[in-house]
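Please read the following report alongside the sequence and the coordinates. It takes up side-chain pairs, the nonpolar core, one hairpin and a few backbone angles in turn.

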Amino acid sequence: MATRSKMKSQYRKENADRRPHATAKHIRISSRKVKIVIDLIRGKSVEDAEAILMYTPKAASEPTLKVLRSAIANAVNNLDMDKETLYVAECFVTAGPIMKRIMPRAQGRAYRILKRTSHITIVLKEEE
């Protein structure tokens with residue numbers, strides 16, 4: 001049985017992070033490759049970050065741009081924030097599950113191939 005469940009849920013609601021954010025999970029790019037792109041937009045305004053991601057020739061820039069646009073939409077539609085005053089407060093990438101595959105090699109051996117995934121999170125904040 002759950003103990004103090006009403007108190008716990010109330011505490012969670014009071015201390016929830018009120019900043020708009022968006023997360024994309026199980027993206028089929030290594031987190032090391034995504035971190036290079038994420039570092040370009042950290043601390044930038046939303047318009048600058050969008051422009052940087054649109055013209056960055058990396059494979060990770062497309063899903064990162066999608067997450068950024070989702071966070072902007074969450075801020076504008078759900079929290080009634082102004083798009084011009086938003087900036088990227090936090091952005092981070094964590095490693096997702098790794099798909100393990102096998103590559104046949106000579107003399108009946110098998111080498112393991114690790115297909116890495118990542119979780120991209122972007123948190124926005126209003127300038128004061």
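## Arg69 and its partners

In this predicted model, Arg69 counts as partly exposed because its relative accessibility of 40% falls between the cut-offs of 20% for buried and 50% for exposed. Its side chain forms a salt bridge with Glu50, and the closest N and O atoms of the two residues are 3.0 Å apart. This pair links distant parts of the chain, since Glu50 belongs to helix α3 and Arg69 to helix α4, with their positions 19 residues apart in the numbering.

The acidic partner sits in another class of accessibility: Glu50 counts as buried, because its relative accessibility is 13% and the cut-off for that class is under 20%. The pair is also part of a wider arrangement, as Glu50, Arg69 and Lys83 are linked in a network of salt bridges.

## Other salt bridges

A search of the whole structure finds four salt bridges. One of them joins the side chains of Arg19 and Glu90, with an N to O distance of 2.7 Å; Arg19 lies in the loop between α1 (5-14) and β1, whereas Glu90 lies in strand β2, and the two are 71 residues apart. Arg19 is partly exposed, with a relative accessible area of 24%, and Glu90 also counts as partly exposed, at 31% relative accessibility.

Another salt bridge is formed by Arg42 with Asp39, whose closest N and O atoms are 2.8 Å apart. Here Arg42 counts as partly exposed at 40% relative accessibility, and Asp39 counts as partly exposed at 47%.

## The nonpolar core

Which residues have the most contacts inside the largest nonpolar core? They are Val34, Leu68, Val88, Ile122 and Leu124, in a core that has 26 residues. At least two residues of this core are supplied by each of β1 (21-27), α2 (31-41), α3 (46-54), α4 (61-78), β2 (86-95) and β5 (118-126). The largest share, six residues, comes from α4.

Ile122 can serve as an example of the surroundings of a core residue. With its neighbours within four places in sequence left aside, Ile122 is in contact with Pro20, His21, Ala22, Ile41, Thr64, Val67, Leu68, Ala71, Val88, Glu90 and Cys91. Among these contacts are Leu68 and Val88, which are also listed with the most contacts inside the core, and Glu90, which takes part in the salt bridge with Arg19.

## The hairpin of β3 and β4

Strand β3 (residues 99-104) and strand β4 (residues 110-115) pair in the antiparallel sense, over six bridges. Within this pairing, Lys100 has Leu114 as its bridge partner in β4, while the bridge partner of Met103 in β4 is Tyr111. Five residues stand between the strands of the hairpin, and Gln107 takes a positive phi near 60° there.

Met103 and Tyr111 also belong, together with Ile113, to a nonpolar patch on the surface, and the three residues have about 270 Å² of accessible area together. Ile113 lies in strand β4 and is partly exposed, with a relative accessible area of 31%. That value is sufficient for a place in the patch because the cut-off for patch residues is over 30% relative accessible area. In a regular strand the side chains alternate between the two faces of the sheet.

## Ser31 and two positive phi angles

Is Ser31 buried or exposed? Ser31, which lies in helix α2, is buried, with a relative accessible area of 14%. Not counting residues up to four places away in sequence, Ser31 touches Val93, Thr94, Ala95 and Ser118.

Positive phi values in residues other than glycine also deserve a look during inspection of the backbone. His26, which lies in strand β1, has a phi near 60°. For Asp80, phi is near 55°; this residue is found in the loop between α4 and β2. Asp80 is exposed because its relative accessible area of 68% is over the 50% cut-off for that class.

Notes. Residues are numbered from 1 along each chain as its sequence is written. This is a predicted model: local features need pLDDT of at least 70, side-chain atom pairs count only at pLDDT 80 or more; totals for chains, interfaces and linings use all residues. Side-chain values use heavy atoms; hydrogens and water are left out. A nonpolar core is a set of buried Ala, Val, Leu, Ile, Met, Phe, Trp, Tyr and Cys residues joined through side-chain atoms within 4.5 Å. Buried means under 20% relative accessible area, exposed over 50%, partly exposed in between (1.4 Å probe, protein chains only). Helices (H or I, at least four residues) and strands (E, at least two) are DSSP runs, numbered from the N terminus. Contact means heavy atoms within 4.5 Å. Two strands pair if DSSP finds at least two bridges between them. Patches are made of residues with over 30% relative accessible area and no salt bridge: like charges are joined within 9 Å, nonpolar side chains (Val, Leu, Ile, Met, Phe, Trp, Tyr) within 5 Å. Accessible areas come from the Shrake-Rupley method with a 1.4 Å probe; for residues, only the protein chains shown count as cover.
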